[in-house]
Amino acid sequence: MTIEPAAARDTGYNFAYLNEQTKKMIRRALLKAVAIPGYQVPFASREMPMPYGWGTGGVQVTASVLTPEDVLKVIDQGADDTTNAVSIRKFFKRTAGVATTEATAEASVIQTRHRIPEQKLTSDQILVYQVPIPEPLRFLEPRETETRKMHAFEDYGLMHVKLYEDISQHGHIATTYAYPVKVEGRYVMDPSPTPKFDNPKMDNCAALQLFGAGREKRIYALPPFTSVVSLDFEDHPFEVQAWEHPCELCGARDTYLDEVIVDDEGGRMFVCSDTDYCASRRQAVSEAAE
Amino acid sequence: MYVAVKGGERAIDNAHRLLAEKRRGDPDVAEISAEQISQQLTLGVDRVMSEGSLYDRGLAALAIKQARGDMIEAVFLVRASRTTLARFGYSEPLDTGAMEITRRISATFKDLPGGQVLGPTFDYTHRLLDRALDTGAEVEPAATAPVSDDATPHVLGLLDKQGLIEPASCRPDEDQSEPGDMTRDPLTFPVDRDVRLQMLARGDEGFLLALGYSTQRGYARNHPFAGEIRVGMVEVSFVPEELGFAVCLGEIEITECEMVNQFTGSKSTPPQFTRGYGISFGHCERKAMSMAQVDRALRADELGEDRTAPAQDEEFVLSHCDNVQATGFVEHLKLPHYVDFQSELELVRRMRREQGADRQEAAE
């Protein structure tokens, strides 16, 4: 077991920092978001004690769904010990006093930036995404007044044209992360800057998936078992990244790999980006050997 | 053999200890106090209060000290503290006409009721470094004059009496109901002028200065006159529900700027001057002036002007004027992005391979 048990919290703040009125406001936005999967619900995002762009949306969502019994896991780039994940986990240890873990299976709430854990999530879990730019159409149309209309009219032609132009220019759809998806056949949604490798994990997922964008003041959600389809064309079907080599630490062939530069001669190796998944596979091997 | 990097937590703790040491500087040099900052770096404190949206000199001074003089970081500290405070309601509108003036100038009339009062200003100083300032020499007391009981009416009010300027109003529809609150409601475009002014009031001084400047250089040209700039103390009053009448909570120092702008008139409106409004906590004159210019530029639609320049573009200006938001998102680029970068790397390598461009890759 790797759970670090619940401990006393800083009582100078309300449980999980936000006051109850704010949490209520955010929970209302969450309920609306769950009721309309993939729709971006505006909410009165608060200033948080960490900078905008560093997960304030995710932190507000986590703070609003967290209960004292929860076990929290925080990852950034798939890893529990990246600096920002450490910082956010510490924040909730201090303000909520909840138990924390690095093991995906043990967590009831997982806040993430840029990855979805490799291990399949269950219906007892909530996955909270930190979202920088919630609007999938933003880079095609910078104006919010326009993009809201486009969503309302289900006018996604511009997005398909963009993907088509990629294919005609590069031979590939040149979007590798934040790859747009269609939710329940209605809203086009930004899955946050997770690599497209993770898109299939969102589809029909047993866990509740919540997305918080603090600076942009938007919340959206995927209720459990929601259909999430990556946009593609019949003759250019969606496909995920694949590596020629397995993970050099655990030998996994079906995970997202980070490239690590090991010397200044261009030498490099590939290892799992999901550190918990990689570590538990290695542990299983060494236990079997004993 | 590569081992996954561990120890982020210890590294963060150590970095914070180093930060504390650097903040203190050489321990042989006397430590600066928040009180000293509050007294001697007053304009910095004023800026942090304005952009931090919290009138508290002590906290703003502490924030400047904690932020090692980084003003945007200090603003951020104040905002993060402000967000935990309960909101009791709205004050009554400030009566800036009843201001106890420390500075009041008008560029549109040579003399006017209440007079021109220069107050403490850099305006006519020669910007020569004053080496004597660092020697601890006594400061000669400033000349004083008795406080005048004469009213100091708003310059624009005088124009208004003659019908030469549009009447002051918060919103074009003259709606006098409760103002919006951009800290409680997410921004939805188009934005009413009340919320727009709130956002500009906490907006970054540098950003508004540049935009205001751009309107003087032909991007949304509408020549402004500094109708009036006034700095001084005003009373803040509040109506507690259980009392039903206004009680004075205290005084705050503010800077108010009213710009007078050209307007040629339209088919339905005879030619008259129009207004741009700027306000800040403390003495932030540059900010209040820039804000007034940008406020006027943003009224393009309302006044039937073509929107051709960045300063007239509400979505552009309001979405980017908050320096806490801007700095957060720009600086988040320091966070690891190696997962996303890896996907780009993979795609670029694949495309180069397909084009036969990457010989090294192809040889592998």
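User: Two residues are in contact if their C-beta atoms, placed from the backbone, lie within 7 Å. Leaving aside neighbours within four places in sequence, which residues is B:Gly278 in contact with?

Analyst: This is a predicted model, where local features need pLDDT of at least 70 and side-chain atom pairs pLDDT 80 or more, while totals for chains, interfaces and linings use all residues. Residues are numbered from 1 along each chain as its sequence is written, and chains are lettered from A and ligands numbered from 1 in the order in which they are written. B:Gly278 sits in strand 4 (residues 274-281) of chain B; helices (H or I, at least four residues) and strands (E, at least two) are DSSP runs, numbered from the N terminus. Beyond its sequence neighbours within four places, B:Gly278 touches B:Cys257, B:Ala288, B:Met289, B:Ser290, B:Met291, B:Ala292 and B:Asp295.

User: Is B:Gly278 buried or exposed?

Analyst: A residue is buried if 20 or more other C-beta atoms, placed from the backbone, lie within 10 Å of its own, exposed if 12 or fewer, and partly exposed in between. B:Gly278 has 28 such neighbours inside 10 Å, so the verdict is buried.

User: How far apart are the C-alpha atoms of B:Gly278 and B:Arg221?

Analyst: Along the chain, B:Gly278 and B:Arg221 are 57 residues apart. In space, their C-alpha atoms are separated by 18 Å.

User: How many bridges join strand 3 of chain B to strand 4 of chain B?

Analyst: Two strands pair if DSSP finds at least two bridges between them. Strand 3 (residues 247-261) of chain B also pairs with strand 2 (residues 224-238) of chain B, antiparallel over 14 bridges, and B:Val231 stands opposite B:Thr255 there. Strand 3 and strand 4 of chain B run antiparallel too, and B:Asn261 has B:Thr274 as its bridge partner. The number of bridges joining strand 3 to strand 4 is eight.

User: How do helix 8 and helix 9 of chain B lie to each other?

Analyst: Axes are lines fitted to C-alpha atoms, for helices over the stretch in contact, and angles run from 0 to 180 degrees between N-to-C directions. Helix 8 (residues 205-216) and helix 9 (residues 285-298) of chain B pack at about 55°, with axes 8 Å apart. Angles under 35 degrees count as roughly parallel, over 145 as roughly antiparallel, 65 to 115 as roughly perpendicular, and the rest as oblique. Helix 8 and helix 9 of chain B are therefore oblique.

User: What classes of residue make the contact of helix 8 with helix 9 of chain B?

Analyst: Helix 8 of chain B brings residues including B:Leu208, B:Leu209 and B:Gly212, and helix 9 of chain B brings B:Met289, B:Ser290 and B:Val294 among them. Ala, Val, Leu, Ile, Met, Phe, Trp, Tyr, Cys and Pro count as nonpolar, Asp, Glu, Lys and Arg as charged, and the others, Gly among them, as polar. The division is seven nonpolar, four polar and three charged.

User: Which helix gives the most to the side of chain B that touches chain A?

Analyst: Here 37 residues of chain B meet 46 residues of chain A. Helix 1 (8-24), helix 5 (71-82), helix 11 (323-331) and helix 12 (338-354) of chain B each supply at least two residues. By class, this side of chain B has 17 nonpolar, nine polar and 11 charged residues. With 11 residues, the top contributor is helix 12 of chain B.

User: What is omega for the cis peptide bond of B:Phe189 and B:Pro190?

Analyst: Most residues other than glycine have a negative phi, and most peptide bonds are trans. B:Pro190 lies in the loop between helix 6 (155-161) and helix 7 (193-201) of chain B. The bond joining B:Phe189 to B:Pro190 is cis, with omega about -5°.

User: What is phi of B:Ser53?

Analyst: B:Ser53 is in the loop between helix 3 (42-52) and helix 4 (57-66) of chain B. B:Ser53 counts as partly exposed, with 19 C-beta neighbours inside 10 Å. Phi is positive in this residue other than glycine, near 55°.

User: Which are the edge strands of the seven-stranded sheet of chain A?

Analyst: The sheet is open and mixed, in the order 1-9-8-5-4-2-3. Within the sheet, strand 5 (residues 126-130) and strand 8 (residues 208-213) of chain A run parallel over five bridges, with A:Tyr129 partnered by A:Phe211. Each edge strand pairs on one side only: strand 1 (41-42) and strand 3 (99-100) of chain A.
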